[in-house]
Amino acid sequence: MATQAKTDLTLTMKAELCAYAHTSRHDCWAVANIKASLFEPETRVPIDVVAVIDVSGSMAGVKLELVKKTLHFVIGQLKECDRFSLVTYDSNVYLKFGLIKMTQDNKAIATSTVEAMRDGSSTNLCGGLLKGMEEIAYNSGPEKAQVQSVLLLTDGLANQGVTTKDGILAEMMRIQNPHGEKVAQKKFDGTVYTFGFGADHDAGMLAAISTQGGGVYYFIDTNEKIPESFADCLGGLLSVMGQNLSLKLEIQGDNQLNEVHSSRTVNWTTPQKSCEISLGDIQSEEGRDIVMNLILPALAALTTESVLKATLSYFNVITSSMQTISCDLVVSRTDVAPGAPDPDLDQQRNRVVAAAAMKQAKALADQGNLEGAKTLLNETIANIERSISAQSNFSKALVADLRTSLGSLQSRDEYLSHGQQYMCSKMQTHVSQRSNFVDEQTYYSNASKVSCRTTSKGVASPSKPPAPSKPSQ
């Protein structure tokens, strides 16, 4: 086990069983855990935030007014060391103001600009997103913050400019991995978080955009959740501890690394022997659990040996330094009873299974096969309820998410109005192990997120039905 100082990350690994018979071949489940501690510094690193706001016709009324209040809240939470920018989009894209330090004078300018926002016509989502990313990519001078993010909000479908998911992802990649002159100065290396309001947005598209951008997708189903969702995201950005996490896994001896369960691309150096995974950033109190399946060969003699070496490299945002830590997975090959399986590993395996089931169920439902989706979710629920960690709070919460997903499949209308968005959001939160505040049962949160959400509770007006919206043209 590797234990570091409070500002550092920790890396540990363990197998499902404490020992394995040496005379037999075994499928060995294991997990690598990366953990960030609670860190609440008196001073934090600066952040750059670009808000990209849909002001198409469908945002008119209560929604736009509440978005304004939310942006006022975000501006109020930023310090003079932070920078903020505002982009709006309807049929056209407008850079209302570029990244500016949040001094008192600039906060007044930003606040009045936000208040002057008016609804327009269609939804050029891609144009707005790219403008927000470019504002970060093209402002890489000495004032550039270590933590930079684009926050994209929409309530509808992209119907102007580039409108397909694949097309938008390709345009994002053009800025994330540019070619030609001045590549280093024009590369977007921040994160993208997406916020989908109501029933009419494309949840799959927003989830894909946030995944490629290293963020998460927030499903906002009521007016009140607009400020709390932005606050949850802001609290996370204010607590980033590590960036550019890269985990290298190297098999030792004649063992094999059969499978690595990660939503991130697993880059194999040598098949079944060594690989590397880029894991993005990590916020205070977050964990990243990489579930793996190894093959242990039969051995002639008893032994206790390292079967897998893990090395984590990352940029420590708090100390502004690159750091590397490593640990070994040590397994005993004995002739005694192995003992009970590890319940923590079982919970992480349940998490992987639940997220995969939601993804598959959504794909079936999108094809119109609601019965197939329900069967899959019911089978997954039954499997988790039979697992050794079934009575843990976390496994019970996974089952609750699956049951809610199941309930949204009772009719095509119910699925389209709520179910697909809910499943996309829950699937992504479990895959990324990062909160996206879809409901009060918020996992993977931290003290900074809770504090920001609590502070934001006065922003929303009392609960009432959204005002009638005029459709986008």
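How are H1 and H2 oriented to each other? To find out, select helix H1 (residues 62–77) and helix H2 (residues 104–115), where helices are DSSP runs of H or I with at least four residues, strands are E runs of at least two, and both are numbered from the N terminus. This is a predicted model, in which local features need pLDDT of at least 70 and side-chain atom pairs pLDDT 80 or more, while totals for chains, interfaces and linings use all residues. Residues are numbered from 1 along each chain as its sequence is written, and side-chain values use heavy atoms, without hydrogens and water.

The axes of H1 and H2 are 9 Å apart, at an angle of about 170 degrees (axes are lines fitted to C-alpha atoms, for helices over the stretch in contact; angles run from 0 to 180 degrees between N-to-C directions). The two helices are therefore roughly antiparallel (the term covers angles over 145 degrees).

Next, show the side chains between them. Glu65, Lys68, Leu71, His72, Ile75 and Gly76 of H1 are in contact with Lys107, Ala110, Thr111, Val114 and Glu115 of H2 (heavy atoms within 4.5 Å).

Now move to the sheet. Its 4 strands lie in the order S1-S3-S14-S11, open and with antiparallel pairing (a pair needs at least two DSSP bridges). Strand S1 (9–15) and strand S11 (256–261) are the edges, each paired on one side only. Select strand S14 (residues 287–296): 5 bridges join S14 to S11, and methionine 292 in S14 stands opposite valine 260.

Last, add helix H7 (residues 343–366). H7 lies across S1, strand S3 (26–36), S11 and S14, at about 100 degrees to S14.

Conventions. Angles under 35 degrees count as roughly parallel, over 145 as roughly antiparallel, 65 to 115 as roughly perpendicular and the rest as oblique.
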